Amino acid sequence: MKTESIMIQNLCVPCGCRCRYCLLSWDGKPVGVSWEQGIEFGKRFITEAKELRPDLSYTYAFGYSMEHPHLQEAIEFLKEIGSPQAELLQCDGMKIRDEKSCREFTAMLADEGVRLLNFTFYGLQEYHNSFAGRPRDFEGMLRMIRAATESGLEVSAGIPITSENVNQVDELISILNENSCQKVSVFIPHEEGRGKSLAPVRLREKDLDRLSDKSRALLNRKTYRTEREWITASDYEDETKRLLIVSLTPDSIEHYKDMSVSEIIAEIENLDDEYYNTFPSFAELAKIYGDVNSDKLYRQRDLFYHYRQLYAEEHAIKIYDVSDERQSGSRRY
């Protein structure tokens, strides 16, 4: 398994939403450390790591949302350390602004060198606001999209599709296009974090007939296949690379303070190895748990995760979960 990149993460900024399938299981309480602690650690780690492992790429991320109280300073820090996040703002869960504030905000972002804003829409207005757990969220994001376009920023939007919202997708894409968002993608939600709650409404192959030809074409059917197709596929690929995540919490930063960069990297690589060595391969798990009649659609990594959860439950496995992105761990690909 080849480590290719490392992300320092500090979940120190609250999110204004409480989405049903939040990857980070946001519950209203940030798990990160103070911003000052985070950047002090990040600067030290990335500076030393680039000397030690120049073959790797490095990024710094904060969350749960990007509504940082001193966002301009945060962007300057990201630019200073060369993190790509300095050019991309994920705008989910940010403060709901009026038209004037949106224009001022997006103009500031453009001045700071931000290039792209991305948004996630869960359905039409009423459904989206309920799913996101916040009134007026849908309307607020459309205002931000219009203002961003006026400020010369690129805008993209992603739509997670389930059997529950699939009938809304065509109209939603039209609304986004009418509001200056021309780059729209669709995806099928994972089961990580609170994503497990969406398992009963996972998109099925038969649901694709409820989309227009244009919307259906946005879903990459080589990436998203039925469980039946994955089980019988001969071209699926084993994961051979990994991103390491160094998540900063009060406990972890205390643990890391006397460790060298190489020791931190080695520790997380060992956690990754131990976790994945506990489970059979994707092919082996598919033989045990795969449903050859299932038309539920998955990415390979999401189906692998689904099978690992079934295996862990059946065998009562208790192990540090490197796929839980609230804590230090990894993401294989």
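The legends below describe close-up views of a predicted model.

Local features are reported at pLDDT of at least 70 and side-chain atom pairs only at pLDDT 80 or more, while totals for chains, interfaces and linings use all residues. Residues are numbered from 1 along each chain as its sequence is written, and side-chain values use heavy atoms, with hydrogens and water left out.

**View 1. Strands 2, 1, 8 and 10 form an open sheet with mixed pairing.**
Helices (H or I, at least four residues) and strands (E, at least two) are DSSP runs numbered from the N terminus, and two strands pair if DSSP finds at least two bridges between them. The order across this sheet is 2-1-8-10. Strand 2 (57–64) and strand 10 (329–332) are at the edges with a single partner strand each, so one side of each has no neighbour in the sheet. Neighbouring strands are turned by 25 degrees against each other on average, direction ignored. Strand 1 (residues 2–13) runs parallel to strand 8 (residues 241–247), with 7 bridges between them. Isoleucine 6 is placed opposite leucine 244 of strand 8. Helix 1 (residues 35–52) lies across strands 1, 2 and 8, at about 165 degrees to strand 2. Axes are lines fitted to C-alpha atoms, for helices over the stretch in contact (heavy atoms within 4.5 Å), and angles run from 0 to 180 degrees between N-to-C directions.

**View 2. Strands 3, 4, 5 and 6 form an open sheet with parallel pairing.**
The order is 3-4-5-6. Strand 3 and strand 6 (183–187) each have a single partner strand, so each edge strand has one side without a neighbour in the sheet. The twist from one strand to the next averages 20 degrees. Strand 3 (residues 88–90) and strand 4 are joined by 3 bridges, and leucine 89 has leucine 117 of strand 4 as its bridge partner. Between strand 4 and strand 5 (residues 154–160) there are 5 bridges; here threonine 120 is partnered by glycine 158. Strand 5 and strand 6 pair over 5 bridges, with proline 160 bridged to phenylalanine 187.

**View 3. Strand 4 (residues 116–120) is covered on both faces.**
In strand 4, 5 of 5 residues are buried (under 20% relative accessible area with a 1.4 Å probe, protein chains only; exposed is over 50%, partly exposed in between). Leu116, Asn118 and Thr120 are on one side, and Leu117 and Phe119 are on the other. Helix 5 lies across strands 4 and 5, at about 160 degrees to strand 4. Strand 6, by contrast, has a covered face with Val184 and Val186 and an uncovered face with Lys183, Ser185 and Phe187.

**View 4. The largest nonpolar core has 72 residues.**
A nonpolar core is a set of buried Ala, Val, Leu, Ile, Met, Phe, Trp, Tyr and Cys residues joined through side-chain atoms within 4.5 Å. Phe45, Leu89, Leu109, Leu117, Phe121, Leu176 and Val246 touch the most other members. Helix 5 (residues 137–150) supplies the largest share, 7 residues. Beyond its neighbours within four places in sequence, leucine 117 has contacts that include Leu89, Leu109, Met144, Ala148 and Val155.

**View 5. Tryptophan 35 and phenylalanine 77 form an edge-to-face aromatic pair.**
Rings of Phe, Tyr and Trp (its six-membered ring) pair if their centres lie within 6.5 Å; planes under 30 degrees apart count as stacked, over 60 as edge-to-face and the rest as tilted. The count by this rule is 19 aromatic pairs. In this pair the centres are 5.9 Å apart and the planes are at 85 degrees. Tryptophan 35 belongs to helix 1 and phenylalanine 77 to helix 2 (residues 71–80), 42 residues apart. Tryptophan 35 is buried at 11% relative accessible area, and phenylalanine 77 is buried at 5%.

**View 6. Two arginines sit over aromatic rings.**
A charge sits over a ring if NZ of Lys or CZ of Arg is within 6 Å of the ring centre and within 35 degrees of the ring normal. The charged end of arginine 97 is 3.8 Å from the ring centre of phenylalanine 105. Arginine 225 lies over the face of tryptophan 230, 4.3 Å from the ring centre.

**View 7. Glutamate 239 lies in the loop between helix 8 (227–232) and strand 8.**
Glutamate 239 and tyrosine 333 are 94 residues apart in sequence, with their C-alpha atoms 4.8 Å apart. Leaving aside neighbours within four places in sequence, glutamate 239 contacts Met1, Tyr276, Arg301, Phe304, Arg332 and Tyr333. Phe304 is also one of the members of an aromatic cluster with Tyr236, Phe282, Tyr289 and Tyr307.
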